[in-house]
Amino acid sequence: MLSTTRSKGLERAIASAPLASIPAFLLPAFPAVSSRSFSSSPNRPSQIGRAPLSIPPEVNFTILPPPARKNGRASPIAARPIVHIEGPLGKMSLTIPNFVNLEHDTATRKAYVTIEDREVKKQREMWGTTRAYLQNHILGVSEGHTAILRLVGVGYRATIENTATTVEPEFEGQQFVALKVGYSHPIELPVPKGIKASTPQPTRILLEGCEKEVVLQFAAKIRMWRKPEPYKGKGIFVNGETIKLKAKKIK
């Protein structure tokens, strides 16, 4: 391998004498440098915010304007419209930024999300984010969100208990997920409010709820007790999670 100084010197010599022949063993040391960029295609932003929201017949979609003070001015903190979404599985609300506009067509049962200025980066970022949050809330109160956890390992089991010995209940009727994943002490996790947990099989945990963020957050909390490891493939897997196995270390 040639040093950096010698390489630069040879490059200048080659540039000054383009007709000189170069030995074959030197050619790999001077790869052809292309001036073309990695990708010539232009950036294409996400178009999620443009897609309309379809509201099922059993879902009530209400847009409340920001509350106003007695003098007619709205509070700078509370001067944001609130969207209330209510369905057969529950009700949720979302506070949207001031620059996001919502148009609700009751005839076609569709809602359209727009922003004031598409040239502002912050508004473009929140455009698709707000639309995704609203879509998750509509789907949550109508059909619900689920998370399936698979316990892979010898002796790994999970049960749903009404009482716990290591954790105090936060509200009346709270259930607990009891895990047996190789620890000497019992692992009891309280189920958050609004989440329904069940075990169709001893090695399966089914979480159901109307708020997607809470369901997946609780699934991640369970997964942290035994993360999937790449040598034997054991652990707690969430939904369709997979892991690539590594070769065993041989001394």
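What follows is a chat about a predicted model of a protein chain.

Reader: Let's start broad. What makes up the protein chain in terms of helices and strands, and how much of it is buried?

Author: The chain has 3 helices and 13 strands. Of its 251 residues, 27% are buried, where buried means under 20% relative accessible area.

Reader: And what share of the contacts comes from residues 24 or more positions apart?

Author: That share is 49%, taken among contacts with a separation of 6 or more.

Reader: Why is K180 called exposed?

Author: The cut-off for exposed is over 50% relative accessible area. K180 comes out at 60%, so exposed is the label for K180. For its place in the fold, look in strand 9, residues 176-180.

Reader: What does K180 touch once residues up to four places away in sequence are set aside?

Author: G155, Y156 and R157. Contact here means heavy atoms within 4.5 Å. Take Y156: K180 and Y156 are 24 residues apart in sequence, and their C-alpha atoms are 5.4 Å apart in space.

Reader: Now the sheet with strand 7 in it. In what order do the strands run, and is the pairing parallel or antiparallel?

Author: Four strands line up as 11-12-7-13 in an open sheet, and the pairing is antiparallel.

Reader: Why do strand 11 and strand 13 count as edges?

Author: Strand 11 (195-198) and strand 13 (235-238) each have a single partner strand, so one side of each has no neighbour in the sheet. As for twist, neighbouring strands here are turned by 20° against each other on average, direction ignored.

Reader: How do you know that strand 11 and strand 12 really pair?

Author: Pairing takes at least two bridges. Strand 11 and strand 12 (residues 204-209) have 4 bridges in the antiparallel sense, so they count as a pair. One of the bridge partners in strand 12 is G209, which sits opposite I195.

Reader: Which helix lies across this sheet, and at what angle to strand 7?

Author: Helix 3 (residues 212-223) lies across strands 7, 11, 12 and 13. Against strand 7 (145-152), helix 3 runs at about 10°.

Reader: Last one: what is the volume of the largest pocket, and what lines it?

Author: The volume is about 270 Å³. The lining includes P45, I48, R118, E125 and W127. By class, the lining residues divide into 3 nonpolar, 5 polar and 4 charged.

Reader: What makes G49 polar in that tally?

Author: Gly is counted among the polar residues, and G49 is one of the residues lining the largest pocket, so G49 goes under polar.

How values were computed
Residues are numbered from 1 along each chain as its sequence is written. This is a predicted model: local features need pLDDT of at least 70, side-chain atom pairs count only at pLDDT 80 or more; totals for chains, interfaces and linings use all residues. Side-chain values use heavy atoms; hydrogens and water are left out. On a 1 Å grid over the protein atoms alone, a cavity is a set of points where a 1.4 Å probe fits but cannot get out, and a pocket is an open set with protein on both sides within 12 Å along at least five of seven lines; lining residues have an atom within 4 Å of a point. Grid points are joined across faces, edges and corners, and a volume is the space filled by probe spheres set on the points. Helices (H or I, at least four residues) and strands (E, at least two) are DSSP runs, numbered from the N terminus. Axes are lines fitted to C-alpha atoms, for helices over the stretch in contact, and angles run from 0 to 180 degrees between N-to-C directions. Buried means under 20% relative accessible area, exposed over 50%, partly exposed in between (1.4 Å probe, protein chains only).
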